[in-house]
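Reader: I'm new to reading protein models and I'd like a close look at how helices sit against each other. Could you take one helix pair slowly, and then show me what surrounds it?

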Amino acid sequence: MRRDVTFVSHGVTCAAWHVRAAHDAAAGPGGRPCVVMAHGFGGTRDSGLLNYAESFAEAGIDVFAFDYRGFGDSGGTPRQDVSVRRQRQDYHAALAAARRLPGVDPDRIALWGVSYAGGHALVVAAQDRNVAAVVSLTPVTDGLASLAHVLRHAGIGGLSHLAGHGLRDAARALVGRAPHRVPVVGEPGTLAMIGVPDALGICASFAGPTFRNEVCARAALKVGANRPVAHVDRLNCPVLVQIGTDDRIAPPDAARRFARLAGPPAELREYPVDHLDVYAGPWQRRVLADQLGFLRNAFLIQGTG
């Protein structure tokens with residue numbers, strides 16, 4: 001059962017779905033386990049997340065899937081502004097809201113994130129020591145490595161072009177003008193934050209009605225400062241890191257390094273996929289199966305199918 005709910009993050013009303021577990025077989029003395037989910041760079045909760053959330057619910061796990069401020073059905077301005085700081089604040093607020101859900105065990109809550117959110121979930125778990133587990137899918141774990149990775153695939157020209165648009169947007173923000181936005185996804189060689197083959201076609205297969213293929217261009221100037229790896233030594237919960245070996249956006253080597261630095265709490269899984277191949281299709285189902293196995297172990301769930 002899915003219902004629309006809201007919560008407040010730093011004075012702004014954010015939209016979320018509470019997908020209730022289909023049964024109580026996984027419930028313990030404190031209630032049912034829960035997964036808090038958010039999308040990656042510029043994504044919205046109606047764009048592929050239900051492919052995971054509904055399967056979690058069938059396994060007896062509640063889900064709290066939310067939109068960041070400025071995205072989807074959530075309030076907040078400027079719209080489509082990717083701010084690492086604000087998005088992590090929203091994760092903390094969503095985590096607090098999930099702990100208050102009726103029937104949910106506040107001590108058995110995992111964080112789930114993909115792409116940029118895969119890094120956010122790791123950082124939030126390092127900051128909130130009561131998080132039970134983290135699923136980090138195709139994560140951006142080191143912004144500096146991401147810049148070098150994109151440089152190898154897009155070339156100096158593509159990176160410089162994005163930086164120029166970022167400076168233009170930043171200048172407009174300084175004088176209070178409307179944001180200058182660029183596409184989130186596009187074909188290689190075109191102006192877009194994420195350029196992979198058939199990007200528009202892949203996104204069309206899972207993008208929901210609230211997804212907008214644009215973000216404030218200033219985000220291009222902040223990629224290098226997004227470094228979840230700096231928090232790795234503070235993680236104290238089980239972590240599943242899932243990487244695409246063919247990922248053109250989130251560098252696989254950086255995620256491997258994160259898992260190595262995290263030590264025994266981290267489990268690393270690799271798949272022969274690119275960045276956008278984990279939202280639908282056969283590889284999504286493979287990724288999901290590994291997540292379900294990991295969460296059953298983390299939540300000590302047995303016999304729920």
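Author: Let's start with the word we'll lean on: two residues are in contact when they have heavy atoms within 4.5 Å of each other. Keep in mind that this is a predicted model. With that cut-off, Asn 51, Tyr 52, Ser 55 and Phe 56 in H1 meet Gln 284, Val 287, Leu 288, Gln 291, Leu 292 and Leu 295 in H7. Sorted by class, the residues of this contact come out as six nonpolar, four polar and no charged.

Now for the geometry of the pair. H1 and H7 pack at an angle of about 40°, and their axes lie 11 Å apart. Angles under 35 degrees would count as roughly parallel, and 65 to 115 as roughly perpendicular; H1 and H7 are therefore oblique to each other. As for the hand, H1 passes H7 in a right-handed crossing.

Next, zoom in on H7 itself. Helix H7 covers residues 282–299, which is 18 residues. From its first C-alpha to its last, H7 reaches 26 Å, close to the 26 Å expected at 1.5 Å a residue. Right after H7, have a look at Leu 300, which takes a positive phi of about 60°.

Which residues of H7 are buried? They are Gln 284, Val 287, Leu 288, Asp 290, Gln 291, Leu 292, Phe 294, Leu 295 and Phe 299. Here's a handy rule for reading a list like that: an α-helix has 3.6 residues a turn, so residues three or four places apart point the same way. The buried residues of H7 have plenty of partners besides helix H1 (50–58): they also pack against strands E3 (32–38), E5 (104–114), E6 (133–137), E11 (239–244) and E12 (266–271).

Strand E5 is a good bridge to the next stop, and Asp 105 is located in that strand. Asp 105 has a relative accessible area of 9%; buried means under 20%, so Asp 105 is buried. Leaving out neighbours within four places in sequence, Asp 105 is in contact with Gly 30, Gly 31 and Arg 32. Asp 105 and Pro 29 are 76 residues apart in sequence, yet their C-alpha atoms are 8.1 Å apart in space.

E5 and E3 turn up again around another helix, H2: its buried residues pack against strand E1 (2–9), E3, strand E4 (62–66), E5 and H3. H2 has 16 residues and reaches 23 Å from first C-alpha to last, close to the 22 Å expected at 1.5 Å a residue. Buried residues of H2 include Val 84, Gln 87, Arg 88, Tyr 91 and Leu 95. Each of these five is also on the contact list with H3: Val 84, Gln 87, Arg 88, Tyr 91, His 92 and Leu 95 in H2 meet Tyr 116, Ala 117, His 120, Ala 121, Val 123, Val 124 and Gln 127 in H3. By class, that contact has eight nonpolar, four polar and one charged residues.

Helix H2 (residues 84–99) and helix H3 (residues 116–127) pack at an angle of about 60°, with their axes 10 Å apart. H2 and H3 are therefore oblique to each other, and H2 passes H3 in a right-handed crossing.

One last residue in H2 is worth finding: Ala 93. Ala 93 counts as buried, at 16% relative accessibility. Setting aside residues up to four places away in sequence, Ala 93 touches Phe 7, Val 8 and Ser 9.

Notes: Residues numbered from 1 in each chain as written. Predicted model: local features only at pLDDT ≥ 70, side-chain atom pairs only at ≥ 80, totals over all residues. Heavy atoms only, no water. Helix = DSSP H or I, 4+ residues; strand = E, 2+ residues; numbered from the N terminus. Expected span 1.5 Å × (residues − 1). Buried < 20%, exposed > 50% of the residue type's maximum accessible area, 1.4 Å probe, protein only. Axes fitted to C-alpha atoms, helices over the stretch in contact; angles between N-to-C directions. Parallel < 35°, antiparallel > 145°, perpendicular 65-115°, else oblique. Left-handed = near helix turned anticlockwise from the far one by under 90°. Nonpolar A, V, L, I, M, F, W, Y, C, P; charged D, E, K, R; others polar.
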